[in-house]
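Trainee: Hi, have you got a minute to go through a model with me? I'd like to start with the core.
Mentor: Sure, let's bring it up.
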Amino acid sequence: MRLRTLARRALRNRTHPTVAVGVGLAATQVANIATTTWLHRSLAHNAVTFDPRVVKVYDLIIRCSTGMEPNEWAAVHQQHHAHSDEAGDPHSPLMDGLATVQFNNVGEYKQAAKTEAVQRRRDLLPATPYEHVKWLSGGRGLIFGIGAAAVLLGPVNGLIVSLVHWPAYIGLSASVNSSHAFYRHETAITQGKASHLLWHFYNRFGYRNYETGEYSSNQRWLAWLTMGEGLHNNHHGKPSSPNFNHKPEELDFGWMVIRWLERRGLATVRNPPITLP
Ligand SMILES: [Zn+2]
Ligand SMILES: [Zn+2]
């Protein structure tokens with residue numbers, strides 16, 4: 001077979017690009033489920049524990065869809081709770097400016113992960129199943145994830161999946177961090193135009209159920225897109241609660257996933273869920 005024919009076959013897409021866009025969006029939601037139910041509610045807060053088989057699947061999903069180290073994420077997040085909106089918070093809109101938190105999410109995360117305080121927290125967490133597997137650690141899992149998409153759907157579609165999923169996942173995670181926007185308007189003005197505009201956006205659509213010592217808010221639109229993570233003020237009000245939907249009109253898909261796994265004996269809820277009138 002001629003070389004050119006071989007190359008053309010290898011580069012041929014195996015499905016329509018719109019399918020790749022759908023797969024990219026689906027990958028984001030799968031990564032969101034693993035992030036909120038496992039990284040956040042289980043590893044960082046111990047509000048729920050999962051069957052070891054589920055943990056293996058979650059560990060693989062996080063490594064291949066985000067390239068992150070699960071315990072590193074949990075340690076950075078614990079640092080956020082210990083110093084919310086004060087010196088030492090890895091991503092505080094009040095301290096760093098809303099635009100920085102919204103648009104430099106990855107940079108802020110990487111910087112926080114290197115600090116001694118976060119390293120100390122990480123050392124206290126037990127190893128996850130694939131922590132010592134070289135080809136899945138240090139971001140290499142992401143290369144495997146992109147490679148798998150390219151092999152299954154064709155190289156161009158693999159690229160489309162990555163270009164849809166990565167910005168969506170990063171953008172939504174950044175928005176959860178940016179929901180700490182309920183500080184004074186005067187402060188937002190001093191942060192510059194982009195931050196000021198974002199401040200109006202989050203204050204327009206957000207609300208608080210808990211008067212906590214930081215500036216988190218609930219963003220219902222974001223909760224829909226992040227499997228419940230957008231109910232961030234509820235979470236700061238009761239950090240050890242396994243559910244983020246504290247009022248009847250609030251929706252938390254992540255909590256539904258936990259309940260579904262619990263019914264099958266694959267999850268154990270460690271703290272009673274919170275319900276507000
Ligand atoms: Zn948390
Ligand atoms: Zn927070």
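Trainee: How many residues has the largest nonpolar core?
Mentor: In this predicted model, the largest nonpolar core has 43 residues, and Ala-34, Leu-39 and Val-161 have the most contacts inside it. Such a core is a set of buried Ala, Val, Leu, Ile, Met, Phe, Trp, Tyr and Cys residues joined through C-beta atoms within 7 Å, where buried takes 20 or more other C-beta atoms within 10 Å of a residue's own, with C-beta atoms placed from the backbone.
Trainee: Which helix gives the most to this core?
Mentor: H2, with 10 residues. Helices here are DSSP runs of H or I, at least four residues, numbered from the N terminus.
Trainee: And what does Ala-34 touch?
Mentor: Leaving out residues up to four places away in sequence, Ala-34 touches Leu-39, Tyr-58, Ile-61 and Ile-62; contact means C-beta atoms within 7 Å.
Trainee: New topic: at what angle do the axes of H9 and H10 cross?
Mentor: Roughly 135°, and the axes come within 7 Å. H9 and H10 are therefore oblique to each other, meaning neither under 35 degrees, over 145, nor 65 to 115.
Trainee: Which residues meet there?
Mentor: Ile-146, Ala-149, Ala-150 and Leu-153 in H9 meet Pro-155, Asn-157, Gly-158, Val-161 and Ser-162 in H10.
Trainee: Any caveats on numbering and confidence?
Mentor: Residues count from 1 along each chain as its sequence is written, while chains are lettered from A and ligands numbered from 1 in the order written. Local features need pLDDT of at least 70 and side-chain atom pairs 80 or more, whereas totals for chains, interfaces and linings use all residues.

Terms used: A residue is buried if 20 or more other C-beta atoms lie within 10 Å of its own, exposed if 12 or fewer, and partly exposed in between; C-beta atoms are placed from the backbone. Helices (H or I, at least four residues) and strands (E, at least two) are DSSP runs, numbered from the N terminus. Two residues are in contact if their C-beta atoms, placed from the backbone, lie within 7 Å. Axes are lines fitted to C-alpha atoms, for helices over the stretch in contact, and angles run from 0 to 180 degrees between N-to-C directions.
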